[in-house]
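Hi everyone, thanks for making the time this morning. I'd like to walk you through one structure, so please have a look at it with me.

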2 protein chains.
Amino acid sequence: MLAEFDLIRRYFTLSCNDARQSGVALGVGDDAALLTPQPEHQLVVSVDTSVADVHFPSDAPADAIGHRALAVALSDLAAMGATSRWCLMALTLDQARFADDSATEAWLTGYARGFSALSQRHATVLAGGDVTSGSLSIAVTVMGEVPSGKALTRSGAQPGHVIAVTGALGGGAGGLAAWQQGERDSSHPLLARYLWPIPRLEAGEALRELASAAIDISDGLLADLGHLREASGVGADLSVDALPLAEGLEDALGTDAARQAALTGGDDYELLVTLPSAHVEQAQLQLAALGVPLHVIGECRDALGIHGLPAQRYHGWQHFKGETP
Amino acid sequence: MLAEFDLIRRYFTLSCNDARQSGVALGVGDDAALLTPQPEHQLVVSVDTSVADVHFPSDAPADAIGHRALAVALSDLAAMGATSRWCLMALTLDQARFADDSATEAWLTGYARGFSALSQRHATVLAGGDVTSGSLSIAVTVMGEVPSGKALTRSGAQPGHVIAVTGALGGGAGGLAAWQQGERDSSHPLLARYLWPIPRLEAGEALRELASAAIDISDGLLADLGHLREASGVGADLSVDALPLAEGLEDALGTDAARQAALTGGDDYELLVTLPSAHVEQAQLQLAALGVPLHVIGECRDALGIHGLPAQRYHGWQHFKGETP
C-alpha cells in the first residue's frame, strides 16, 4: 500500500494560491483543514458514501467513479440552494484489485482527474481527505453556504404549489441498464447520465428565492416526492404524461418502462421542487439561461398521498440492482 | 437491508432542542444539515475512515467501534486546538455478518450508544450521516471551531522549543497486542486504551495559547514527530528515558518492547506538542487541572533529524498488524 500521506499529497495537494482564495487557510497536510466561512451565512453540510458494486460498477472508468462520488454529494447541496465551497474525500481502496503499482497509479490518476474536474467546475476546494485500505468505497463530505435563513428545505411545500423537475428523468436507471447490457461507450446518452451525473448547483441557487421546497432525486421521483410530501404535510397530483424523459430512454425501453424508470429509477440527481404558480415562469426563464429545463409535472394537494398515477403500481427501485422489489 | 432512512432516524435522530442550542438549524432528515458557525471563528474540519480488520478488529464490542470511530476523528480537532461542534457519520455495514435482524439491531444499538456517549461528552452534535451496505467501515467527518487565526498547526515549532506529550504512550499498541492474545476484558488498562481512546480536546484547547505546534499521535510518536519536524523545518533531541509509558505496558512487554511501542506503536491519540520553555510550567498546570499529564520528552534542534535514540533502530509500526515492517 502506498502510504496514505503520499497518496493524498501526490494526487490531491492543493494549490496554495487557489486554496487561499477559496477560504481555505490550511488544507491537506495538517491534522485538519482550516476554513474561513463567510459572515451572515449558514453552513450546509452532507456526506454520501458510494460503495463499489452497490452504488456504481467497480469496473466503471476511474474518471467516472471520481466524478460520480463527488456529484452525488454535491447534489444534496444543490437541493438546499447552497453555494458549494469545500469537500473532504475519504477513499477506501483495495490495492489487491490492481495487477501492480502502475495499474494502481493509473486508476488513481483517472479517479483524481474525474473528481478534480468536477470540483473545479463548481469552485469546490478539496480541503482534506483520508485514504485507507479495504473494499473500494468513497465517502465524500461536501460543505456549502447559504445566506442565513435562505436555505431550501423539504418542508415548505403548500397545497396549490406547482411540482416541477429540472432536466430529464430515468436516465440513471436507463444508463445502468445499458451498462448491465454491456454498453461501454461513455458518449451513449443514457450511460453518460448514469456515469457522469450533473449536480444541479446553479439551478438550486437560482431556485433559492423562488421555490418553496426542494429535494434531489436520488432514490427515484416517487420515493423522493414521498420524502418531500412527508416533510411538508401535503399530497400530490402527478401528471405522468408530463414527465420529461431522458434522451433515448423511450427508444431503449418503450414508453411504459421509460415512465417506470422516470418514476422509480433513481440515480437521476435532478431537483424536484415545489413553487407558487406565480413563480413558475420566472424560474423557467432563469433556469433556461443556465441551460436547464424546468418541467411542471403536478401540483400539491391537501389530500395526502399521490394521485394521477395509472392503475399500474410503481414501486421504489433498488439501488444498483435495477429492479423493483 | 433496513432502509437507510429508518436506520439513521431510529438510531441517530437529533433532539431538536439540543440541536438548536448547538448551532444546528436543520439536522438529520433533509438533504443536508444546516449549521450556524460562530462569527470571528474559523472552521476546522477533518475526516477519518475506520475500516474493519484494518483499523479495528471487526469482532470488537460494537460500543467500542462506535466510540473509537468518532474518537480518532476528534483527535485531529484536538491537535488543532479546536472546540468540537458537529460531526457526520457515514456507516457502511455488511448485514450478512449478522445472524438475523435482531442481531443487527443489537449491534447498531451498541454502536450508536458508544458513538453518542462520546459525542455528547464533547458537545458534538451528529448533524447528518449516510448508511450504506458493504464491508464494515465508518467515515466520520468532524467540524470544530477556533477563534480566527488561533489554530494550532504542525508548522510553528522552533529550535529550542520543548517537545512534550500528553498522557502516556504505547497503550494503543499494547492494547492491540493484548486483544490479539485473546484478552477481552475491557477494563484491562491497555485494552481500554486501544478500544476506547480519549481524544484530548480539552487539553488541545488549553494548549492553543501556549504551544507553538501540535499533532496527534496516530501513526506513532516517531512518525508523527517526523510530520511535525518536516512541517516546521526543525530537528529533535528525544530522551527515550523520559517517555511516559502506558499503565501496565512495561509489565506486559518488558522495557525495550514497551519503549518500542511508545515510539512507533501508534493508535495512542495523545497530543505531541512543542512549546517555548517559558510556557511549560503553565501548560502542565492547566492540563493537570484537566487530569491530563504533560511530559517533556525532548527539545527541538536546528540540526534536522532525530537525535538521542539508542543504537537500535525504531521503525514505523504498521496499522493494526502490530509489526514493524
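When I say strand, I mean a DSSP run of E with at least two residues, and the numbering of strands starts from the N terminus. One caution before we go on: this is a predicted model.

Let's begin with the annotation. UniProt, in an unreviewed entry, puts the feature "binding site" at Asp48(A) and Asp130(A). Where do we find Asp48(A)? It lies in strand β3 of chain A, which covers residues 41-51. Asp130(A), for its part, belongs to strand β5 of chain A, residues 125-133.

Now, are these two buried or exposed? Buried means under 20% relative accessible area. Asp48(A) has 16% relative accessibility, so it counts as buried. Asp130(A) comes out at 7%, so it is buried as well.

Here's what Asp48(A) touches, leaving aside residues up to four places away in sequence: Val72(A), Ala73(A), Asp76(A), Ile138(A), Ala139(A), Val140(A) and, from the other chain, Asp130(B).

That brings us to how the chains are arranged. A turn of 180° with a shift of 0.0 Å along the axis lays chain A on chain B, with an RMSD of 0.0 Å. That is the relation of a two-fold axis. Of the interface residues of chain A, 100% are also interface residues in chain B, so the copies meet through the same surface.

Last, for those of you thinking about cysteines: how many disulfides are there over all chains? The search of the whole structure gives 0. Cys87(B) is buried, at 0% relative accessibility, and Cys300(B) is buried too, at 2%.

Note on methods. Residues numbered from 1 in each chain as written. Chains lettered and ligands numbered in written order. Predicted model: local features only at pLDDT ≥ 70, side-chain atom pairs only at ≥ 80, totals over all residues. Heavy atoms only, no water. UniProt positions renumbered as here; feature names shortened; annotations may be inferred. Helix = DSSP H or I, 4+ residues; strand = E, 2+ residues; numbered from the N terminus. Buried < 20%, exposed > 50% of the residue type's maximum accessible area, 1.4 Å probe, protein only. Contact = heavy atoms within 4.5 Å. Least-squares fit on C-alpha atoms with pLDDT ≥ 70 in both. Disulfide = S-S within 2.5 Å.
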